[in-house]
Amino acid sequence: MVTMRIILLDQLSFDLPIVQEAKSEDFFLFVEDYVELTRVPHHKKKLVFQLSAMRHFAQTLRADSHEVEYIQHNNEFNIRSLPEAITLMCTKYDLSRCLVTEPSEYHVEQAINTACLNNKLSCEFCPDTRFFADRDVLKESAALNKRTMMEFFYRKMRKKTGLLMDGDQPISGQWNYDKDNRKPLPKSIVVPERLCFTLDSITQSLQSEVQHCFPSHIGEVQNFNYAVTHAQAHTAWQQFLHCYLPQFGPYQDAMRMEEPFLFHAVVSMYVNIGLLCPKKLCADVAQAYTQGKVALASAEGFIRQILGWREFIRAIYWAYMPEYKTRNFCNANTPLPQWYWTGKTKMRCLSEAIQSTIDHAYSHHIHRLMITGNFALLAGLQPEEVCSWYWAVYADAYEWVELPNTLGMALHGDGGVVGTKPYIASGAYVNRMSDYCKGCHYDVKQKTGENACPFNYLYWDFLARHQEIFSKNQRMSLAYKNLARLEPQVLAKMRQQATDFLQKGCDG
Ligand code: SF4
């Protein structure tokens, strides 16, 4: 009797107990699950990245003398999903049990449980030790309808790990340097070039394969430049530590034309798939601070993203699924405009954010939150369509991380579980934080009229439309005071223009 150890697509880590504790008689099962690969039209570069990383990982395990069953998406047995592969393995082997690291996604766990039950196979879930917090850490408070704010969750995690701590107090007395992380980018600042990876035969053949098998998916396979092995991801991480981290803190919210990466780490895809360990990244950044290589605001800003935000988002997902996915607090029903898939819009900020997404399967968090997300919230785009878009287009996106970030943070569609208020901004914010407005078809200074920036009239229309639910929110009081100061005729004109814009498919 043998044990089958299933390695899921986003569990490519040698440090996981499921790998560390493998015995010589066990085997690993890898499945390129076609149903999952097409659940949403994942970006072609994302598919090349994920499948190449998975094939490289399996190859290394084989080289380490482990037995590996690897089922490709275009396999000869016509196996289309992990449950079908589990059934096939039950016919091929005399299995005693199956082990899986706890899946990051709800529907994957459900599918594995059902498949094992159907095959009368005992299934055990191993802990995912890459995370700092237990997956179900917020489940009880969610069941009791108690809300947890990210800031307090983050402070608990700092105390638990001792990262940037002096006893039970934060180093230098301050928990959060978010206010120091919002500087616009000076014109004179030069961003260092990213390193280039040489593509090996596995990645090259996947470029052709993905192009051939997933032709209608967004993006292109050419100009692929992401790490697909642990060693390559480590090199990318070292480059960030030395070349980008010192400037990451102050300019993490800045945007600039044709600079999709700026000083961001661009490692979220490596962390989420298992090529880099989040615990090691936090330790490295804390060490860079103690060695005087980086200011506290940059170190804290980075660690907050991983130890605070990423862990919080995962805990929210597991506390509120599956009901969470159906929420639509703002009653948003506008269809997703087709230009979200093409970038062809006259709004320069959106065309730039979407085009860089199409080019790289990546954009940084302010593009996601304050450009595409802000627009989706202001325009009342349907949450389900918006969430599918985010899940499809970003190389780091899996449902557990995408859903609370999009539905909760960007769209406020969860009614305030993730964010304490809707994150909305008019064109003035985009103008302050980027150089997009200068070359735009629209005039960021105008609130109404043919050339008015759509973010302006949509912003005021959003506040007026949702006055009943948001005017009581303390954190929205200034916005509502400003709304009350508007001339009624001006507001009426903006609201009419917003209605016309939305009716014309969001491209006025
Ligand atoms: Fe975006 Fe408005 Fe600026 Fe154009 S003017 S780039 S639409 S914020």
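Me: Which residues of helix 16 are buried?

Reply: Glu399, Trp400, Val401, Glu402, Leu403, Pro404, Thr406, Leu407, Gly408, Met409 and Ala410. This is a predicted model: local features need pLDDT of at least 70, side-chain atom pairs pLDDT 80 or more, while totals for chains, interfaces and linings use all residues. Numbering runs from 1 along each chain as its sequence is written, and side-chain values use heavy atoms, without hydrogens or water.

Me: What makes helix 16 mostly covered?

Reply: Buried means under 20% relative accessible area (exposed is over 50%, partly exposed in between; 1.4 Å probe, protein chains only). In helix 16, 11 of the 12 residues are buried, so the helix counts as mostly covered. Its cover includes helix 5, helix 10, helix 12, helix 14 and helix 15.

Me: How do you know which residues surround the ligand?

Reply: A residue is near a molecule if one of its heavy atoms lies within 4 Å of it. Met347, Cys349, Gly427, Val430, Tyr436, Cys437, Cys440, Tyr442, Val444 and Cys453 surround the ligand, so each has such an atom.

Me: Why does the shell around the ligand have one polar residue?

Reply: Ala, Val, Leu, Ile, Met, Phe, Trp, Tyr, Cys and Pro count as nonpolar, Asp, Glu, Lys and Arg as charged, and the others, Gly among them, as polar. Gly427 is in the shell, so Gly427 is polar here. The shell also has nine nonpolar and no charged residues.

Me: What classes of residue line the second largest pocket?

Reply: The lining has 15 nonpolar, seven polar and six charged residues. Helix 13 gives the largest share, four residues.

Technical notes
Helices (H or I, at least four residues) and strands (E, at least two) are DSSP runs, numbered from the N terminus. Contact means heavy atoms within 4.5 Å.
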